[in-house]
Amino acid sequence: IERTFSIIKPDAVRRNLIGQIIAKFEENGLRPIALKKIHMTREQAEGFYAVHKERPFFGELVEQMIASPVVVQVLEGEGAILKNREIMGATNPENAAEGTIRKLFALSVGENSVHGSDAPETAAQEIKFFFSDDELV
Ligand code: ATP
Ligand code: MG
């Protein structure tokens with residue numbers, strides 16, 4: 001059984017969408033085995049998105065992620081990594097399929113409501129970045 005890491009981003013938390021987004025995961029067989037609401041520091045956001053450091057949108061992305069609180073979660077289920085990516089939809093909401101979180105809720109390619117790990121290695125890294133083993137229940 002697979003685990004992935006998910007963030008409900010500031011734009012969605014501000015609009016009171018935590019429950020509706022978690023419902024999408026649960027309806028699709030993903031179980032939150034750890035979750036917490038945090039206000040990311042600049043250091044955390046820059047570290048988490050270090051892979052995008054050289055991209056033109058890096059500064060804007062960090063500012064958006066630290067503007068207000070987020071919900072970080074570990075989701076568990078069969079094929080959790082790919083399933084989560086399907087439930088989220090394409091990065092740009094204009095390209096996201098009907099019924100996906102980003103189609104339903106995202107404001108723009110930057111403020112796109114959710115993050116999800118893209119591969120087993122990044123999922124493991126990202127889970128460790130925010131959670132200790134004893135928090136995964
Ligand atoms: P995520 O990693 O957040 O789950 P993703 O894998 O679909 O999303 P990435 O290419 O990894 O997208 O980009 C990470 C995040 O950076 C995106 O979710 C989005 O918030 C932001 N981003 C990506 N491309 C752009 C862009 N062209 N303009 C502004 N922000 C962007
Ligand atoms: Mg990504």
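**Close-up views of the cavity, the pocket and ligand 1**

**View 1. Helix α1 at the largest cavity.** α1 gives the most to the lining of the largest cavity, supplying three residues. The model is predicted. One cavity of 30 Å³ or more is counted. The largest cavity has a volume of about 40 Å³. Two elements, α1 (10–14) and α4, each give two or more residues to its lining.

**View 2. Residues lining the largest cavity.** K9, P10, D11, R14, Q64, M65, G110 and E111 form the lining. By class, two are nonpolar, two are polar and four are charged. P10, D11 and R14 fall within α1 (10–14). Q64 and M65 lie in α4 (58–66). K9 and G110 appear here and also among the residues that come nearest to ligand 1.

**View 3. The largest pocket, with ligand 1 in place.** Ligand 1 sits in the largest pocket. The space in this pocket is about 690 Å³. Its lining counts 27 residues, and Y49, V51, H52, L61 and H115 are the closest to the pocket centre. By class, the lining has nine nonpolar, 11 polar and seven charged residues.

**View 4. Helices and a strand around the largest pocket.** Four elements each supply at least two residues of the pocket lining: α3 (42–48), α4 (58–66), β4 (114–116) and α7 (120–130). α7 gives the most, with four residues. α4 contributes to the pocket lining and to the lining of the largest cavity. Of the residues closest to the pocket centre, L61 falls in α4 and H115 in β4.

**View 5. The shell around ligand 1.** The shell holds 13 residues, and K9, T91, G110, N112 and G116 come nearest. Four shell residues are nonpolar, six are polar and three are charged. G116 belongs to β4 (114–116).

**View 6. Side-chain polar contacts to ligand 1.** Three side chains are shown: K9, H52 and H115. An N or O atom in the K9 side chain is 2.9 Å from an oxygen atom of ligand 1. For H52, a polar side-chain atom lies 3.1 Å from a ligand oxygen atom. For H115, the distance from a polar side-chain atom to an oxygen atom of ligand 1 is 3.1 Å. Taken alone, ligand 1 exposes 580 Å², of which the protein buries 80%. H52 and H115 are also among the residues closest to the centre of the largest pocket. K9 links this view to View 2, as one of the residues lining the largest cavity.

Note on methods: Residues numbered from 1 in each chain as written. Chains lettered and ligands numbered in written order. Predicted model: local features only at pLDDT ≥ 70, side-chain atom pairs only at ≥ 80, totals over all residues. Heavy atoms only, no water. Near = heavy atom within 4 Å. Polar contact = N/O pair within 3.5 Å; in protein donor to acceptor, adjacent residues only side chain to side chain. Areas by Shrake-Rupley, 256 points an atom, 1.4 Å probe, with all protein chains shown as cover. 1 Å grid on protein atoms, 1.4 Å probe; cavity = no way out; pocket = protein on both sides within 12 Å on 5 of 7 lines; lining within 4 Å. Sits in = over half its atoms within 2 Å of the grid points. Nonpolar A, V, L, I, M, F, W, Y, C, P; charged D, E, K, R; others polar. Points joined across faces, edges and corners; volume = space filled by probe spheres on them.
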